[in-house]
Amino acid sequence: MSDIKIKITDRQGVLHEVDAPTDMNMNLMEVVRSYELAPEGTIGICGGMAMCASCQCYVNSGHDLPEKSDDEEAMLSEAFNVEDNSRLGCQIHITPELEGLEVELAPEEI
């Protein structure tokens, strides 16, 4: 099992350094849920299909991420609190190249 370290700032501004497995085909949204860094029912509402923006996060490190899909672009164009570094956590798959990734969860949409 090969884990990488990721830094995630939750919606209360608390920084968490977590271990994320690279061998389980997980995405960032699933990592956040597994560590319970957001209240149940407030993240990953669509189940990781890029059909809601509940897992929106801000990527604060200089990692080279895959291009946004058309679905991700469309969802972010309708979401609140979108910044230049916004991504959907469900679209960021955990790979060894993401060692040291730093993200902040976007505010919950109300």
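This is a guided tour of the structure above, stop by stop, with a suggestion of what to select at each one.

**The whole chain**

Start with everything shown as a cartoon, and keep in mind that this is a predicted model. You should find two helices and five strands. Followed along the sequence, they come in the pattern β-β-α-β-α-β-β. Turn the protein around: its C-alpha trace spans about 35 × 30 × 25 Å along the principal axes. The radius of gyration is 13 Å, which agrees with the value near 13 Å for a compact globule of 110 residues. Of the 110 residues, 44% count as buried. If you count contacts between residues at least 6 apart in sequence, 62% of them join residues at least 24 apart.

**The sheet**

Now select the five strands. They form an open sheet in the order S2-S1-S5-S3-S4, with mixed pairing. S2 and S4 are the edge strands, each pairing on one side only. Look along the sheet to see the twist, which averages 40° from one strand to the next.

**Strand S1 and its two partners**

Select S1 (residues 3–9) and S2 (residues 15–21). These two strands run antiparallel and are joined by seven bridges. One place to check the register is Asp 3, which stands opposite Pro 21 in S2. Five residues lie between the strands in this hairpin, and Gly 13 takes a positive phi near 85° there.

Next, add S5 (residues 102–105), which runs parallel to S1 and is joined to S1 by three bridges. Which residue of S5 is the bridge partner of Ile 8? Label Val 103 and you have found the partner of Ile 8. Beside that pair, Lys 7 has Glu 102 as its bridge partner in S5.

Stay on S1 and click Thr 9, which belongs to this strand. Is Thr 9 buried or exposed? Thr 9 counts as buried because its relative accessibility is 19%, and the cut-off for buried is under 20%. Show what surrounds Thr 9: leaving aside neighbours within four places in sequence, Thr 9 is in contact with Val 14, Leu 15, Val 103, Glu 104 and Leu 105.

**The nonpolar core**

Switch on the nonpolar side chains. In soluble globular proteins, such side chains tend to be buried together. Here the largest nonpolar core has 30 residues, and Ile 6, Ile 8 and Leu 88 are those with the most contacts inside it. S1, S2, helix H1 (28–34), S3, H2 and S5 each give two or more residues to this core. Colour H1 separately, since the largest share of the core, four residues, comes from that helix.

Then centre the view on Ile 6. Apart from residues up to four places away in sequence, Ile 6 touches His 16, Glu 17, Val 18, Ala 20, Leu 28, Ile 94, Leu 98 and Leu 101.

**Helix H2 across the sheet**

Select H2 together with S3 (56–59) and S4. The helix lies across both strands, running at about 120° to S4. Keep H2 and S4 on screen for the next stop.

**The salt bridges**

How many salt bridges does the structure hold? There are two.

For one of them, show the side chains of Arg 87 and Glu 72, which meet at 2.8 Å, N to O. Arg 87 is in strand S4 (residues 86–88) and Glu 72 is in helix H2 (residues 70–78), so this pair links distant parts of the chain, 15 residues apart. Both Arg 87 and Glu 72 are buried.

For the other, go back to the hairpin and show Lys 5 and Asp 19. The closest N and O atoms of this salt bridge are 2.7 Å apart. Lys 5 sits in S1 and Asp 19 in S2, 14 residues apart in the chain. Lys 5 counts as partly exposed because its relative accessibility is 36%. Asp 19 is also partly exposed, with a relative accessible area of 31%.

To finish, show both pairs at once: Lys 5 and Asp 19 connect S1 with S2, while Arg 87 and Glu 72 connect S4 with H2.

Conventions: Residues numbered from 1 in each chain as written. Predicted model: local features only at pLDDT ≥ 70, side-chain atom pairs only at ≥ 80, totals over all residues. Heavy atoms only, no water. Salt bridge = Lys/Arg side-chain N within 4 Å of Asp/Glu carboxyl O. Buried < 20%, exposed > 50% of the residue type's maximum accessible area, 1.4 Å probe, protein only. Pairing = 2+ DSSP bridges. Axes fitted to C-alpha atoms, helices over the stretch in contact; angles between N-to-C directions. Contact = heavy atoms within 4.5 Å. Core = buried A, V, L, I, M, F, W, Y, C linked by side-chain atoms within 4.5 Å. Rg over C-alpha atoms; globule rule 2.2 N^0.38 Å.
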